[in-house]
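Got the viewer open? Switch to cartoon view and keep the selection box handy, then follow along stop by stop.

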Amino acid sequence: MTKIGTLYGLGVGPGDPELITVKAFRLLQQSPVVAYPKKRMGSKSYAHQIAEMYVQPQDKEMLGLVFPMTRDKEILEREWNKTVEIVWERLSEGKDVAFVTEGDPMFYSTFIHMMRVMHEEHPEVPVVTVPGVSSFLGAASRFNMPLADGDEQIGIIPATEDKEAMRKAIEDHDTVVFLKVAKVLPMIIGLLKEMGLADKAAVATKVTSSEEMVWTDMRELERAELSYLTLMVVKKG
């Protein structure tokens, strides 16, 4: 009987290829199949770009997986099951599959759902995750801004249109990281002004990558159109 391959979830960092861990590098090189989230429009994700820097694509099966961008549960379930079966096909042949993901595989990652559905459909598959540097850690280094010191408390919050919930997050923590903030940026900047904290915030887009952009003056951002991969750090202290 063929031994089932291992599914590896490898965090490869927020964009800078040098932020990959030694362990993720080793497993990338060892795994015969490298799976990555594939964009429909053909451009390469950071994870794909980083993986290709550390392996010879001609020596591997580079397995691009398209993930549905919809809230329709029926479509999501159908497409996810298809994707998991594509990966299972390789695992059932005894091949290890290294699934690369930006940041960390256990932090708002596509891999979380991959792992969950694989457990449901094929519970015999061994799953191993390797932590990576998350974007908010990359941003803290870029800003030279300590996220938490001593007894300080930090909140990591997906930014939403719920202004009062965002206000409470700021009130309840010494530092708040707002993830995916671009879609509600004018509202958040207005809130910071109301709270007298506009000078306590910094924003980064595609942090640590070659396309990185950083702002520490919120006035420059009031009419900016930023990418999906944008975060804000608010530090009250």
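Here is a tour of two sheets, the helices lying on them and a couple of loops.

Before you start: this is a predicted model, where local features need pLDDT of at least 70, side-chain atom pairs count only at pLDDT 80 or more, and totals for chains, interfaces and linings use all residues. Residues are numbered from 1 along each chain as its sequence is written, and side-chain values use heavy atoms, with hydrogens and water left out.

**Stop 1: the parallel sheet**

Select 61-65 and 127-130. These are β3 and β5, the edge strands of an open sheet, each pairing on one side only. The sheet has five strands in the order β3-β2-β4-β1-β5, and the pairing is parallel. Helices (H or I, at least four residues) and strands (E, at least two) are DSSP runs numbered from the N terminus, and two strands pair if DSSP finds at least two bridges between them. On average, neighbouring strands here are turned by 20° against each other, direction ignored.

Now pick 33-37 and 97-101: β2 and β4 are joined by three bridges in the parallel sense. Click on Val-33, and its bridge partner in β4 is Val-97.

Next, add 46-54. This is α2, which lies across β2, β3 and β4 at about 130° to β4. Contact here means heavy atoms within 4.5 Å; axes are lines fitted to C-alpha atoms (for helices over the stretch in contact), and angles run from 0 to 180 degrees between N-to-C directions. Then add 110-121 for α4, which lies across β1 (7-11), β3, β4 and β5 and runs at about 165° to β1.

**Stop 2: the mixed sheet**

Move on to 154-158 and 213-215. You have β6 and β9, edge strands that each pair on one side only. They belong to an open sheet of five strands with mixed pairing, ordered β6-β7-β10-β8-β9. Neighbouring strands in this one are turned by 15° against each other on average, direction ignored.

For an antiparallel pair, select 201-205 and 230-235: five bridges join β8 to β10. Thr-205 has Thr-230 as its bridge partner in β10.

**Stop 3: a helix on the sheet**

Select 135-143. That's α5, lying across β6, β7 (175-179), β8, β9 and β10, at about 60° to β10. Which residues of α5 are buried? Show side chains for Phe-136, Ala-139, Ala-140 and Phe-143, and mark Gly-138 too: these are the buried ones (buried means under 20% relative accessible area, exposed over 50%, partly exposed in between, with a 1.4 Å probe and protein chains only). They pack against β6, β7, β8, β9 and β10.

Step just past the helix to Asn-144, in the loop between α5 and β6. Its phi is near 55°, a positive value in a residue other than glycine. Asn-144 counts as exposed, at 71% relative accessibility. For another positive phi, jump to Lys-206, where the value is near 50°. Lys-206 sits in the loop between β8 and β9 and counts as partly exposed at 22% relative accessibility.

**Stop 4: two helices crossing**

Finish with 163-172 and 185-194. The axes of α6 and α7 come within 11 Å and cross at roughly 50°. The two are therefore oblique to each other (under 35 degrees counts as roughly parallel, over 145 as roughly antiparallel, 65 to 115 as roughly perpendicular and the rest as oblique). Show side chains to see Lys-163, Met-166, Arg-167 and Ile-170 of α6 meeting Met-187, Ile-188, Leu-191, Leu-192 and Glu-194 of α7.
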